[in-house]
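Visitor: I should like to understand how the terms applied to this structure are justified. May we examine it together?

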Amino acid sequence: MTTVARIELFHVAVPLPATFRPSWIPGFPQNENRFTLVRITTDDGIEGYSAGPSMGHERSGLGELVGPYLIGADATDIDLVQQRLREMSYLGWRNWWIEPAFWDILGKLAHKPVYELLGGKSREVSLYASTGEVKEPGARIAEAEARLAEGFSAIKLRVHDFDPAVDERQVVETAKAMGGRMKIGVDVNQAWRVTAIGPAPLWDLARAKRFADVCADSGLAWVEEPLPMDAYDDLSELTRYSRVPISGAELHTQGLPELRMMIERRCYSIFQPDAIFTGGIAQTLEVARLAKQAGLIYTPHTWTNGIGFAVNLQLYLATDSRKELEYPLNPPGWVPEARDGLLETAFLHRRGKLEPPTLPGLGFRIDPRALARHGKRFFVMDKKRLVWFSLRTRGLKASLEIDKARKAAARS
């Protein structure tokens with residue numbers, strides 16, 4: 001049995017080449033790509049990686065929860081990993097982003113990319129350029145022309161204004177300028193509205209319907225997240241009403257149970273769960289299967305960091321999704337070199353296409369020099385450290401009792 005021998009957590013902050021102002025956090029000038037990195041090492045030396053986006057050091061105490069739950073566990077038992085992560089979530093800690101590290105281990109043990117383990121086949125991936133900032137129509141049109149010249153056949157815009165006419169004008173003018181030369185989608189960023197720094201508009205069903213009509217008349221390909229993520233009734237009504245497909249489902253941290261319900265209620269026409277949030281690879285793969293079974297479209301959300309992109313790329317290749325894959329790109333601030341700043345090789349497109357990764361596991365290698373430069377390890381635990389941790393926090397008697405119970409459970 002291949003067991004978890006060591007767990008390490010790192011705070012990572014990769015500098016961006018220019019300030020990036022994400023549409024989903026109004027008023028926030030972002031200058032770093034921040035995330036928490038996990039490295040799981042097995043007793044036979046296999047390393048598995050994953051990462052979850054962060055604002056800062058909010059996960060500083062996470063190791064003392066994760067370590068005791070996972071040290072000594074079978075690293076190849078995804079059901080067990082899912083159960084342990086579920087147990088951690090009972091008090092509010094939803095850390096599905098850790099689960100892909102175990103798929104990374106599985107792929108490396110089998111000497112195969114994860115998508116091959118899941119029954120997928122190698123194929124060229126068509127991408128859509130996913131912008132991240134709100135811009136006035138002239139700048140947006142120039143951006144769309146630049147992406148078209150680079151080979152992209154599809155682009156996603158961002159709107160986030162209090163005045164409906166401003167959002168509608170951007171869509172109408174961009175679509176008119178592109179003249180059908182490019183498929184266009186638009187992200188409204190209403191599913192998980194953030195007002196921590198600056199105010200943000202709050203849409204209702206009436207505004208969403210009007211905007212969907214404008215987008216349909218302008219020939220747009222999809223409208224993303226036009227309503228709050230838990231407005232299930234309104235989402236279902238909007239999806240029935242709209243002449244343009246409605247998409248969403250990227251940040252539903254309750255995972256499969258909630259997304260199954262939303263598929264049954266047909267809250268969206270296009271489901272785009274992100275495995276980093278929506279239950280890891282195992283649960284998100286089932287979401288994709290259920291969406292297909294219901295006659296709906298699946299394509300993943302990928303806007304986190306290079307590792308999150310890699311995770312969702314594996315899922316995309318494991319399914320037969322034919323909708324373009326999201327490719328986060330908003331120069332000069334958000335570019336692949338910063339998005340993928342810890343990887344030995346960035347996921348660079350070629351004329352709007354991406355060749356499938358061939359490396360085993362999740363398809364990337366961590367650059368140790370980049371990790372040393374941009375990351376700081378804040379937690380490490382192995383089997384010996386777990387013993388000392390238990391003695392220090394629980395005392396000898398309780399530690400012996402816990403050890404006895406665990407050994408009995410392992411034998412059974």
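Guide: In this predicted model, the largest nonpolar core has 108 residues. Those with the most contacts inside this core are Leu37, Phe102, Val186, Phe211 and Phe364. Helix α11 (residues 306-318) contributes the largest share of the core, 9 residues.

Visitor: What lies apart from this core?

Guide: Another core, of 8 residues, lies apart from it; among them are Leu16, Phe20, Ile25 and Ala338.

Visitor: Which residues are in contact with Phe211, leaving aside its neighbours within four places in sequence?

Guide: With those neighbours left aside, Phe211 is in contact with Val159, Asp167, Glu168, Val171, Val186, Val188, Trp203 and Val223.

Visitor: Why is Gln272 called buried or exposed?

Guide: Gln272 has a relative accessible area of 4%. Buried means under 20%, so Gln272 is buried. Gln272 is placed in the loop between β9 (270-271) and α10 (280-293).

Visitor: How do you know that a polar contact joins the side chains of Gln272 and Glu250?

Guide: The contact between these side chains is 3.3 Å, and the cut-off is within 3.5 Å. The pair Gln272 and Glu250 is therefore joined by a polar contact.

Visitor: What makes Tyr90 exposed or buried?

Guide: The relative accessible area of Tyr90 is 53%. Exposed means over 50%, so Tyr90 is exposed. Tyr90 lies in the loop between α2 (78-89) and α3 (100-110). Together with Leu91 and Trp93, Tyr90 forms a nonpolar patch on the surface, with about 400 Å² of accessible area together.

How values were computed:
Residues are numbered from 1 along each chain as its sequence is written. This is a predicted model: local features need pLDDT of at least 70, side-chain atom pairs count only at pLDDT 80 or more; totals for chains, interfaces and linings use all residues. Side-chain values use heavy atoms; hydrogens and water are left out. Patches are made of residues with over 30% relative accessible area and no salt bridge: like charges are joined within 9 Å, nonpolar side chains (Val, Leu, Ile, Met, Phe, Trp, Tyr) within 5 Å. Accessible areas come from the Shrake-Rupley method with a 1.4 Å probe; for residues, only the protein chains shown count as cover. A salt bridge is a side-chain nitrogen of Lys or Arg within 4 Å of a carboxyl oxygen of Asp or Glu. Helices (H or I, at least four residues) and strands (E, at least two) are DSSP runs, numbered from the N terminus. Buried means under 20% relative accessible area, exposed over 50%, partly exposed in between (1.4 Å probe, protein chains only). A polar contact is a pair of N or O atoms within 3.5 Å; within protein, one must be able to donate a hydrogen and the other to accept it, and residues adjacent in sequence count only if both atoms are side-chain atoms. A nonpolar core is a set of buried Ala, Val, Leu, Ile, Met, Phe, Trp, Tyr and Cys residues joined through side-chain atoms within 4.5 Å. Contact means heavy atoms within 4.5 Å.
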